[in-house]
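This briefing sets out computed features of a single protein chain for a reader working with the coordinates. The points are grouped by topic after a short lead.

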Amino acid sequence: MKTLYLIGGTMGVGKTTVSQQLKQILPNSVFLDGDCCWDANPFQVTEETKVMVIDNICYLLNNFLQCSSYENVIFCWVMHKQFIIDSILEKLYIENCKIKIVSLIADETNLCNRIISDITNGIRSENAIEKSIARIPMYQNLNTIKIDTNNKTIQEIANEIVML
């Protein structure tokens, strides 16, 4: 049986890094970062592009789920509203699939420190702090397993997800 891991969380919480670690420790695994399905310049959030990105994500995830080479499919993205998770799940072929839906959580101080580091390294812009902090409370309302990432290593967080 395949396992689908949906890893959500606000910007800077460590979704991509944790997902990359999961890919290394889970057998026969494949990883998709939702940001890769919407990497454009200029970045435009319109009704058309929102539909397009969900279609892109679901197309790729379904291909991974149907490929016999993969046992574990890992997906991460900023999924701060339940309808985002639901709109992805409803389009996936998951009949014979175990699903683990996780929200990575961090407090404001830890999140700020991580984003400041990303800004210093040229990975994020300064407005990421405000946007990310504003989304912290939204994750408490989701039908997901919450994993506190404060003061934990990437390996510890990944191990916690594997043990679910």
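**Leu61 and the chain around it**

Leu61 counts as buried, because its relative accessible area is 0%, below the 20% limit for that class. The model is a predicted one. Within it, Leu61 belongs to helix α2, which spans residues 47–66.

**Surroundings of Leu61**

- Apart from neighbours within four places in sequence, Leu61 is in contact with Leu32, Val73, Phe75, Ile88 and Leu92.
- One of these partners, Phe75, also belongs to a cluster of aromatic rings described below.
- Between the C-alpha atoms of Leu61 and Lys91 the separation is 9.6 Å, while the two residues stand 30 residues apart along the chain.

**Aromatic rings**

- Four aromatic pairs are found when the whole structure is searched.
- Trp38 and Phe43 make up a tilted aromatic pair, with 4.8 Å from centre to centre and 50° between the planes.
- The pair is classed as tilted because its angle of 50° is neither under 30 degrees, as for stacked planes, nor over 60, as for edge-to-face ones.
- Trp38 has a relative accessibility of 14% and therefore counts as buried, the limit being under 20%.
- Through ring pairs, Trp38, Phe43, Phe75 and Trp77 are linked into a cluster.

**Secondary structure and fold**

- The chain contains six helices and five strands.
- Read from the N terminus, the order of the elements is β-α-β-α-β-α-β-α-α-β-α.
- Considering contacts between residues at least 6 apart in sequence, 77% connect residues at least 24 apart.

**Dimensions and burial**

- The radius of gyration of the chain is 15 Å, which agrees with the value near 15 Å that a compact globule of 164 residues would have.
- Taken along the principal axes, the box filled by the C-alpha atoms is roughly 40 × 40 × 30 Å.
- Of the 164 residues, 46% count as buried; Leu61 and Trp38 are among the buried residues.

**Surface and charge**

- The chain has an accessible surface of about 8800 Å², and carbon and sulfur atoms account for 50% of that area.
- The chain carries 14 positive and 18 negative charges, and the mean positions of the two sets lie 3 Å apart.

How values were computed: Residues are numbered from 1 along each chain as its sequence is written. This is a predicted model: local features need pLDDT of at least 70, side-chain atom pairs count only at pLDDT 80 or more; totals for chains, interfaces and linings use all residues. Side-chain values use heavy atoms; hydrogens and water are left out. Helices (H or I, at least four residues) and strands (E, at least two) are DSSP runs, numbered from the N terminus. The radius of gyration is taken over C-alpha atoms; the globule rule is 2.2 Å times the number of residues to the power 0.38. Buried means under 20% relative accessible area, exposed over 50%, partly exposed in between (1.4 Å probe, protein chains only). Contact means heavy atoms within 4.5 Å. Accessible areas come from the Shrake-Rupley method with a 1.4 Å probe; for residues, only the protein chains shown count as cover. Lys and Arg count as positive and Asp and Glu as negative; His and the chain ends are not counted. The place of a charge is taken as NZ of Lys, CZ of Arg, CG of Asp or CD of Glu. Rings of Phe, Tyr and Trp (its six-membered ring) pair if their centres lie within 6.5 Å; planes under 30 degrees apart count as stacked, over 60 as edge-to-face and the rest as tilted.
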